Amino acid sequence: MFTDSHCHLNFPELRKQFPAVLQAMAEAQVDRALCICTTMEEFDEVHALAHDHAHLWATVGVHPDSEDVIEPSLQDLLDGAARPKVVGIGETGLDYYRLGDRSLADMEWQRERFRVHIRAARQTGLPLVIHTRSASDDTLDILREEGGFGPGDGRAPARGVFHCFTETAEVARAALDLDFYISFSGILTFRNAADLRETARLVPMERLLIETDSPYLAPVPYRGKVNTPALVPHVAAQVAELKGLPVEAVAEATSRNFERLFDRVVAS
């Protein structure tokens, strides 16, 4: 019934209780989940989860905030994308939240990494899973530059999803204008997320996904606890309230959107 479009089941908080996590998913009617890769070092483990479980899928990529890790080449990403059950590129993007004493110029390594991921997505035709935090202008600018949205080489433009969306309504509109999807997490249920809820109201149902980003960001009333895919129905319930829809309609629409965007899921 429900699809968790973004989770990290290989992270220690969930991996150590993996059978219980899967059981809770089944009991909550969460039929599918996408396991997101954040470093090349963990890719084999993430892929193994998808390979070994019919209702799990995987991505390949390196998180923008991951430092001191293997830097992926274009070929690394292409090789990972060629594996069965890999349905997306990422998570990728830009994150300037922890600049510290660094300047924006010092973050060129992040911008170049993002460009490599976009090139891999365009070459494979797979969707991007985009993370952006305190960097929305640069994220959108690079996506437009590399994404093939103007006159180009005949390939389709980049496509994908802005995951765990927390940006402004203006950023959401810009992402929608590029034909990207918007995914909301448990943050949507937080008391201090009124502006985000207003942004969610404007996102058309046909372009909306739901996720947990587990083991983080557990929705109310579980905030502060370890999150699992079994809690994604709480995100769906919040969307349903905002949209004036039955939760079953949100579950159906977001699952259909997941299949439309991550179309290798249907083919596999």
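## Lysine 85, the H4–H5 packing and the S8–H9 loop

Lysine 85 has its place in the loop between H4 and S4, and in this predicted model the residue is buried, with a relative accessible area of 16%, a value that falls under the 20% limit for burial. From the C-alpha atom of lysine 85 to that of glycine 100, which lies 15 residues away along the chain, the separation is 38 Å.

The strand that follows this loop, S4, spans residues 86–95 and includes glutamate 91. Glutamate 91 is joined to glycine 90 by a cis peptide bond, for which omega is about 20 degrees.

On the other side of the loop is helix H4, made up of residues 74–81, which packs with helix H5, residues 108–124, at an angle of about 40 degrees and with 9 Å between the two axes. Since an angle under 35 degrees would count as roughly parallel and one of 65 to 115 degrees as roughly perpendicular, H4 and H5 are therefore described as oblique to each other. Their crossing is right-handed. On the H4 side the contact is made by Leu74, Leu77, Leu78 and Ala81, while H5 contributes Val116, His117, Arg119, Ala120, Gln123 and Thr124. Sorted by class, the residues in this contact are six nonpolar, three polar and one charged.

A further set of local features belongs to the loop between strand S8 (208–210) and helix H9 (232–243), where proline 215 is found. The peptide bond that leads from serine 214 into proline 215 is cis, with omega near 20 degrees. Aspartate 213 is likewise found in the loop between S8 and H9, and leucine 217 has its place there too. Aspartate 213 is not a glycine, yet its phi is positive, at about 55 degrees; leucine 217, also not a glycine, has a positive phi of about 60 degrees. As for exposure, aspartate 213 is buried, with a relative accessible area of 10%, whereas leucine 217, with 27%, is partly exposed.

Helix H9, at the far end of that loop, holds glutamine 238, which is buried, with a relative accessible area of 13%. When its neighbours within four places in sequence are left aside, glutamine 238 is in contact with Leu188, Thr189 and Arg197.

The accessibility values of the four residues discussed above are set out here.

| Residue | Relative accessible area | Class |
|---|---|---|
| Lysine 85 | 16% | buried |
| Aspartate 213 | 10% | buried |
| Leucine 217 | 27% | partly exposed |
| Glutamine 238 | 13% | buried |

These local features belong to a chain with 11 helices and eight strands. For 268 residues, a compact globule would be expected to have a radius of gyration near 18 Å, and the chain, with 17 Å, agrees with that expectation. Taken along the principal axes, the box filled by the C-alpha atoms is roughly 45 × 40 × 40 Å. Of the 268 residues in the chain, 57% are buried. Among the contacts between residues at least 6 apart in sequence, 73% join residues that are at least 24 apart.

Note on methods:
Residues are numbered from 1 along each chain as its sequence is written. This is a predicted model: local features need pLDDT of at least 70, side-chain atom pairs count only at pLDDT 80 or more; totals for chains, interfaces and linings use all residues. Side-chain values use heavy atoms; hydrogens and water are left out. Axes are lines fitted to C-alpha atoms, for helices over the stretch in contact, and angles run from 0 to 180 degrees between N-to-C directions. Helices (H or I, at least four residues) and strands (E, at least two) are DSSP runs, numbered from the N terminus. Angles under 35 degrees count as roughly parallel, over 145 as roughly antiparallel, 65 to 115 as roughly perpendicular and the rest as oblique. A crossing is left-handed if the near helix is turned anticlockwise from the far one by less than a right angle, and right-handed if clockwise. Contact means heavy atoms within 4.5 Å. Ala, Val, Leu, Ile, Met, Phe, Trp, Tyr, Cys and Pro count as nonpolar, Asp, Glu, Lys and Arg as charged, and the others, Gly among them, as polar. The radius of gyration is taken over C-alpha atoms; the globule rule is 2.2 Å times the number of residues to the power 0.38. Buried means under 20% relative accessible area, exposed over 50%, partly exposed in between (1.4 Å probe, protein chains only).
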